[in-house]
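Subject: Structure handover and notes

Hello,

Here is the structure for your files. My notes on it come after the display.

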Amino acid sequence: MKQYDLMILGPATRDVNIDYTGAEDRSVGGAVTFCTPAAVAAGAKVFAAVKIAPTDTDIIEGFHMDSGDIALLPSEDTTLMRNEYFTADRERRNSSCPAQSGPVTPEEVPDVPCRLYHLAGLLYGDFPDELLEALGKKGMLSADAQGFLRHNEGGKMTFHDWQDKLKYLPYLDFLKTDAAEAEILTGLTDRAAAARQLHAWGAKEILVSHNSEMLAFDGERMYTCPVKARNLSGRTGRGDTTTGAYLAMRLTGAGVEESLRYATACVSLKMETPGVFKGTKADVLAYLEEFYG
C-alpha cells in the first residue's frame, strides 16, 4: 500500500465571489482545495479526503489527482460560500454561508497509511472533538484554526474563541492561523507574542499568515518571511496555499526557515494568478532566486 506523507481533510465549497467593482465569479474553493495542489507541487505524497455531496463529483475531478489518492466523503450538502470584497487587495470582505457540509467523522477517514493529518476546516462543526482524539492516536496532527473559530449562524459568518483550545491545542503538531484568528485565540495583537502563547498552550509549531509576511515559531526561534506578490488577483486561498506548501516541505525534510521561505514564495507566486497554485516546485525555486535572493 502507498505510504503518504500527508492527508488533507475537509470540505470543498461552491463559491460566489464579488469583487469591489461588483464583478462576480463562481468557483470551487475551500481550504482542502487550495492546500492540496501546493503540497503536491512541493513534493509530498498527498492524500485528499474531500467532504462534499456525492452529486458534486466535478469537484473531485478538478483536483487532477489519481483516483487512489483522493476520496469523496459523502455529505448531504456541499458547503456554499458567498464572499463580497470591499477593497482591491481583498483584505476586507463579508462572507456568508447558505449551506454547510456535515462533519467529518472518525469512521469515514480513509484507512491509508500517512504520517500527518491536516484538518483543513472552514467552519466550526466541520471537525468534531472525537475526530481530533482519534487522529491524534494515529499520527501527527495539524489544523487550521479557522475551522474552530468561524461559526455559521443562520448563514452569517461570526468568529468566537475556541472554547476547548486548552484541551486540544496540545494534540496539534502544527497549527495554522491568520493574524486575526491568532488575536481571537490569545487576545494579543502582536503576531509573534500570539505564536508564543499558542505554543505555551501546547501547539508544537505555529504558522501565522498575514498580508505582509508569514511567520513560523517552533518553540525555540521565531522566523518571518515577507510576501512579495506583484499583484493580488489570486488573493483567495492565501493562507491555505501557504499551509500546504509549508507542511509538505516540513514532511519531506526541510527545516522551519527553509520551509517558511519556500511557502511564502509559493503563495506570493500563486497570488499573482486567480485560482489554486498550478506551478511546480521548480517555478517556486526560480521565484525564490529572483525575488528573495
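The notes below cover salt bridges, a charged patch, cysteines, one backbone angle and a few C-alpha distances.

Before anything else, please keep in mind that this is a predicted model.

Salt bridges

Side chains of opposite charge can pair when their charged atoms come close. With a cut-off of 4 Å between a side-chain nitrogen of Lys or Arg and a carboxyl oxygen of Asp or Glu, the count comes to twelve salt bridges. I go through some of these here.

One of the pairs is Arg115 with Asp5, whose side chains meet at 3.4 Å, N to O. Arg115 belongs to strand β8 (residues 114–119) and Asp5 to strand β1 (residues 4–11), so this salt bridge ties together parts that lie 110 residues apart in sequence. The two ends differ in exposure: Arg115 is partly exposed, with a relative accessible area of 39%, whereas Asp5 is buried at 12%.

Glu24 and Arg26 form another salt bridge, at 3.3 Å from N to O. Here Glu24 is partly exposed, at 47% relative accessibility, and Arg26 is exposed, at 66%.

A further salt bridge links Arg82 to Glu84, and the closest N and O atoms of this pair are 3.7 Å apart. Both residues fall in the partly exposed class: Arg82 has a relative accessibility of 34% and Glu84 has 27%. Apart from that pair, Arg14, Asp56 and Asp58 are joined into one network by salt bridges that share partners.

Negative patch

Which residues form the negative surface patch? The patch is made up of Glu107, Asp129, Glu130 and Asp164. Of these I looked further at Glu130, which sits in helix α3 (residues 129–138). Glu130 has a relative accessibility of 45% and therefore counts as partly exposed, since that class lies between the 20% limit for buried and the 50% limit for exposed.

Cysteines

A disulfide is a covalent bond between the sulfur atoms of two cysteines. How many disulfides does a search of the whole structure find? The search finds zero. Two cysteines serve as examples. For Cys225, the closest cysteine sulfur is that of Cys266, at 12 Å, which is too far for a bond; the cut-off for a disulfide is 2.5 Å. Cys266 is in no disulfide either, and the nearest cysteine sulfur to its own is that of Cys35, 11 Å away. As for exposure, Cys225 is buried at 3% relative accessibility, and Cys266 is buried with a relative accessible area of 0%.

Backbone at His64

Most residues other than glycine have a negative phi. His64 is not a glycine, yet has a positive phi of about 55 degrees. This residue is located in the loop between α2 (57–61) and β5 (70–74). His64 counts as exposed, at 73% relative accessibility.

C-alpha distances

Three pairs are listed for reference, each with the setting of one partner.

- Pro74 and Ser101: these residues are 27 apart along the chain, and their C-alpha atoms are separated by 9.0 Å. Pro74 is in strand β5 and is partly exposed, with 48% relative accessibility.
- Lys204 and Asp218: the separation is 14 residues along the chain and 6.3 Å between C-alpha atoms. Lys204 lies in the loop between α7 (191–200) and β13 (206–209), and at 40% relative accessibility Lys204 counts as partly exposed.
- Arg221 and Asn17: this pair is 204 residues apart in sequence and 38 Å apart in space, C-alpha to C-alpha. Arg221 is found in the loop between β14 (213–217) and β15 (222–226); its relative accessibility of 47% makes Arg221 partly exposed.

In brief, the points to carry over are the count of twelve salt bridges, the absence of disulfides, the negative patch that includes Glu130 and the positive phi at His64.

Regards

Definitions and conventions: Residues numbered from 1 in each chain as written. Predicted model: local features only at pLDDT ≥ 70, side-chain atom pairs only at ≥ 80, totals over all residues. Heavy atoms only, no water. Patch = residues over 30% accessible without salt bridge, like charges linked within 9 Å, V, L, I, M, F, W, Y side chains within 5 Å. Areas by Shrake-Rupley, 256 points an atom, 1.4 Å probe, with all protein chains shown as cover. Lys, Arg positive; Asp, Glu negative; His and termini not counted. Charge placed at Lys NZ, Arg CZ, Asp CG, Glu CD. Helix = DSSP H or I, 4+ residues; strand = E, 2+ residues; numbered from the N terminus. Buried < 20%, exposed > 50% of the residue type's maximum accessible area, 1.4 Å probe, protein only.
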